[in-house]
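Subject: Structure for your review

Dear colleague,

Please find below the structure that I am handing over to you. A summary of what was found in it follows.

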Amino acid sequence: MSPVARPGLRAASPRVVVAGAIGAAALASGVALTATSGWLIVRAAERPVILTLLTAIVAVRTFGMARPVLRYWERLRSHDAALDDLAQARTAVYAALVPLTPARLPRRGRAAVLSGVVDDVTDRVEAQVRVTVPVVAVLLTGVGTAALCAWVEPLAGAVVAALVVVAGAATVVAWRTESRSQLELGAARADVTRTCELVAGQAAELQAVGATYTAARWVDRAHAEVARATRRQVAGRAGAAATLPVATMLATLGCAAVAVRADRSAPVLALLVLAPFALAEVFAPLPDVARAWARARAASDRLESLLRSTPAVAGDPSPARAARAAATTSIDHVDLASPHPAASADGSPAHVPDLRLVGVSASWDGTREALAPTDLHLAAGDVLVLTGPSGGGKSTLVAVLARHLDPTRGSYLVDGTDVRDLPLDAVRDLVAVVDDDPHVFATSLRENLRLARPDAEDPDVVAALRAAGLGGWFGSLPEGLDTTLGTGGRGVSGGERARLSIARALLSGRPVLLLDEPVAHLDHPTAVAVLRDLVAARQGRSILVVSHRPEGLTDADGIMELARPEVGLPHEVG
């Protein structure tokens, strides 16, 4: 089973178990250092021949040097294993999210997905370092100390064993208390992320309507709820943190009482008394273990819930259907070994497919129809404008064309072949989607565009910028393609952001561009300029533009208006 699909906590890897054993040796060195030092001090007070103390002196030095060396070795091995597992787990989660994107994710919100990928995966993998390693180390050290004390004095060994049991019970109680509050705290944290994302992303709009103070109150309330949930959650951890020192004190007193009645030498009695006291340092990480354990279990549950969704599109066709499709379609121009379709020398697509929807309807949740039965024909090289009221199914239609959502009824044909008979990647490689909120990454201009085609050369990137109408803007950048954009770099306006997303789509080399409200947030002159530049630079590509205002597209080959599914059916445009 993959690390993503495994419920609960992942089984500890052998490297982590070895790291835990090394950690146990480090903790045992600390216990031995305290106990041996006590023996040495008491024995030295008896003024014996100095040669009788040499072994204890060497042991004290050995344990004193071994503890930091072993601790460093344990941290090195455990963190190396955890970071390696974290990279693999994140890759696995991304791979599992791809079939669900975007049809199965918007209902959860971008903030929830981001929190799941970053925070939950981290919490889950770090449990190996924060839970497995300390538990293994504490268990081995506690059992070893109890066995040593029992070998010297059985009753003292029983007292130390009871201390180990109490420490384990306190940790379990703390974990249960933490777990009960995890859902509440997780919801509060997600609300903070969602609220901060909303306020930061709409700062200008909020300021324009005078709602800045109200937005700040939203953020304050979200943070206050996190604080309240955190206080309720830490009650168990605080109880464990208080219980462990008290239990250690009682165990020390118990061993002292046993030592008083034992017929042993004074140095040995000092060793028995100090042994449970030395375990205080061993038990110190246990409250944090309970917290990390609870967070990891809750993170696993959230990841399971996120990744359990059924993909909105069917996988690749059966060999028989694929063979029939290969005999009847011209889609074989797509190189399935490459993530990008072939292009001619001037950058234009080598082949532009003919797309047709015949009586297609679709649903996001499988219950409510989001797109009424619709006919659409996007011929090779055509520019088609799609308009209609909110809720009419425009974005749903774009998702169907991009093969992000399968029709519930009707047929979607590519060059006359039903898409269900074609490889999923082959259809998706024909289409580039530009939405109304394109993301600019905090990296160089070059890498922002090469996201669409990682093997693109600089001349191709510059050509895409110029084709998108950013030639003048690019010429004003002193660092050219090395200019850093986004956080910590050069800011971009709304129009520049829209043009960058179009340049990214053009650079991809894909023959069909689907633009979902690409100029929704731009002023009228900028919107007209962006759309006109896009049409002029399309190089034979087919373009479908979803827009409430089709300015700049007066020369389009067709305009189609969608009605709400419950109002009526749109007409066919070809």
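A pocket, as the word is used here, is an open set of grid points with protein on both sides within 12 Å along at least five of seven lines, and its lining residues have an atom within 4 Å of a point. Please keep in mind that this is a predicted model.

The second largest pocket

Rolling a probe the size of a water molecule over the atoms shows where empty space is left. The second largest pocket holds about 630 Å³ of space. Its lining is made up of 27 residues, and those nearest the centre of the pocket are Arg75, Glu126, Val129, Arg130 and Pro134. Which helix gives the largest share of this lining? Helix 3 does, with ten residues. At least two lining residues each come from helix 2 (54-97), helix 3 (110-152) and helix 8 (286-307). By character, the lining consists of 15 nonpolar, two polar and ten charged residues.

The parallel sheet

Strands of a sheet pair through backbone hydrogen bonds, either parallel or antiparallel. One open sheet in this model has five strands, which follow the order 6-7-8-3-9 with parallel pairing. Strand 6 (431-434) and strand 9 (558-561) are at the edges; each has a single partner strand, so one side of each is left without a neighbour in the sheet. On average, neighbouring strands of this sheet are turned by 15° against each other, direction ignored. Between strand 6 and strand 7 (residues 512-516), the parallel pairing runs over four bridges. Within that pairing, Val434 has Leu515 of strand 7 as its bridge partner. Helix 16 (residues 524-536) packs on this sheet and touches strand 3 (383-387), strand 7 and strand 8 (542-546). The direction of helix 16 makes about 165° with that of strand 8.

Ala467

Ala467 belongs to helix 13 (residues 458-467). Is this residue, Ala467, buried or exposed? Ala467 counts as partly exposed because its relative accessibility is 26%, and the partly exposed class lies between 20% and 50%. Leaving aside residues up to four places away in sequence, Ala467 touches Leu506, Asp533 and Ala537. From C-alpha to C-alpha, Ala467 and Leu507 are 9.6 Å apart in space, while 40 residues separate them in sequence.

The antiparallel sheet

A further open sheet has four strands in the order 2-1-4-5, with antiparallel pairing. Strand 2 (369-378) and strand 5 (417-418) are its edge strands, each pairing on one side only. Five bridges join strand 1 (residues 355-363) and strand 4 (residues 409-414) in the antiparallel sense. Arg356 has Leu413 in strand 4 as its bridge partner. Helix 10 (residues 394-401) packs on this sheet, where it touches strand 1, strand 2 and strand 4. The direction of helix 10 makes about 120° with that of strand 1.

Two residues with positive phi

Most residues other than glycine have a negative phi. Arg403 is not a glycine, yet it has a positive phi of about 65°. This residue, Arg403, sits in the loop between helix 10 and strand 4. Asp415, also not a glycine, has a positive phi of about 50° and is found in the loop between strand 4 and strand 5. Buried means under 20% relative accessible area. Arg403 therefore counts as buried at 1% relative accessibility, and Asp415 is buried with a relative accessible area of 19%.

Yours sincerely,
A colleague

Terms used:
Residues are numbered from 1 along each chain as its sequence is written. This is a predicted model: local features need pLDDT of at least 70, side-chain atom pairs count only at pLDDT 80 or more; totals for chains, interfaces and linings use all residues. Side-chain values use heavy atoms; hydrogens and water are left out. On a 1 Å grid over the protein atoms alone, a cavity is a set of points where a 1.4 Å probe fits but cannot get out, and a pocket is an open set with protein on both sides within 12 Å along at least five of seven lines; lining residues have an atom within 4 Å of a point. Grid points are joined across faces, edges and corners, and a volume is the space filled by probe spheres set on the points. Ala, Val, Leu, Ile, Met, Phe, Trp, Tyr, Cys and Pro count as nonpolar, Asp, Glu, Lys and Arg as charged, and the others, Gly among them, as polar. Two strands pair if DSSP finds at least two bridges between them. Axes are lines fitted to C-alpha atoms, for helices over the stretch in contact, and angles run from 0 to 180 degrees between N-to-C directions. Contact means heavy atoms within 4.5 Å. Buried means under 20% relative accessible area, exposed over 50%, partly exposed in between (1.4 Å probe, protein chains only).
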